[in-house]
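Student: I have a structure open in front of me and would like to go through it with you. Could we start with the charged side chains?

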Amino acid sequence: MAYLLDANVLIAAKRDHYRFKTFPCYWDYLLQRANDGALRSVDSVRKELLNKEDDLSQWVESACPKVMFEAPDGATGVALSRLGIWTMDPQRKYTPAARAEFLNVADSVLVAHALAHEHTVVTHEKPEPQRIGKVKIPDACSAMGVRWIDPYALLEELGAKF
């Protein structure tokens, strides 16, 4: 079992609480845990992070091991189909735009990969089951039986000490 990081975990860390110049120990810790297999993400998150030219994209490109960002496999594809059926179910009151967005961004691949490989998703998103304009990662995880936590719970579960 590994923890799969949503892009917002890394983006918020570099922007708010764990800036590269102030907290290099945080980023070193993430690399250490990625190298030992505890932290992972999906390739579509990597591509999303590389779209910006900033400290984070440089870190992903130069320091972060590519093995951390897993490509979808057959099991992920099967899980993605299952997630797509859930998303498109008329009983879910999502707008067509919300459904299309969710199924065309890294979020759906992240949830599907976690489902396929029994990983835990780590995200800053909060559940909003009544929201119709956006499919939230925690809601999709809960519907699929995928465990999800926030980044602070992740650090506690990993026993991080800074």
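Student: Is Arg147 buried or exposed, or in between?
Tutor: Arg147 is partly exposed, at 38% relative accessibility. Buried means under 20% relative accessible area, exposed over 50%, and partly exposed in between (1.4 Å probe, protein chains only). This is a predicted model, in which local features need pLDDT of at least 70 and side-chain atom pairs count only at pLDDT 80 or more, while totals for chains, interfaces and linings use all residues. Residues are numbered from 1 along each chain as its sequence is written, and side-chain values use heavy atoms, with hydrogens and water left out.

Student: Which side chain does Arg147 meet in a salt bridge?
Tutor: Arg147 pairs with Glu157, at 2.3 Å from N to O. A salt bridge is a side-chain nitrogen of Lys or Arg within 4 Å of a carboxyl oxygen of Asp or Glu. Glu157 is in helix 9 (residues 151-158), whereas Arg147 is in the loop between helix 8 (137-144) and strand 5 (148-149), so the pair ties together parts 10 residues apart in sequence. Helices (H or I, at least four residues) and strands (E, at least two) are DSSP runs, numbered from the N terminus. Glu157 is partly exposed, with a relative accessible area of 36%.

Student: Which residues are joined into one network by salt bridges that share partners?
Tutor: Glu128, Arg131 and Lys136 form that network. Within it, the side chains of Lys136 and Glu128 meet at 3.4 Å, N to O. Lys136 is buried at 9% relative accessibility, whereas Glu128 is partly exposed at 32%.

Student: And how many salt bridges are there by this rule?
Tutor: The count comes to 11 salt bridges. One of them joins Arg92 and Asp89, at 3.4 Å from N to O.

Student: New topic: how many disulfides does a search of the whole structure find?
Tutor: The search finds 0 disulfides, a disulfide being a pair of cysteine sulfur atoms within 2.5 Å.

Student: Why is there no bond for Cys25?
Tutor: The closest cysteine sulfur, in Cys64, is 16 Å from the sulfur of Cys25, which is too far for a bond. Cys25 is partly exposed, with a relative accessible area of 37%.

Student: Last one: at what angle do helix 1 and helix 3 pack?
Tutor: Helix 1 (residues 7-17) and helix 3 (residues 43-50) pack at about 35°, and their axes are 9 Å apart. Axes are lines fitted to C-alpha atoms, for helices over the stretch in contact, and angles run from 0 to 180 degrees between N-to-C directions. Ala7, Leu10 and Ile11 of helix 1 make the contact with Val45, Glu48 and Leu49 of helix 3, where contact means heavy atoms within 4.5 Å.
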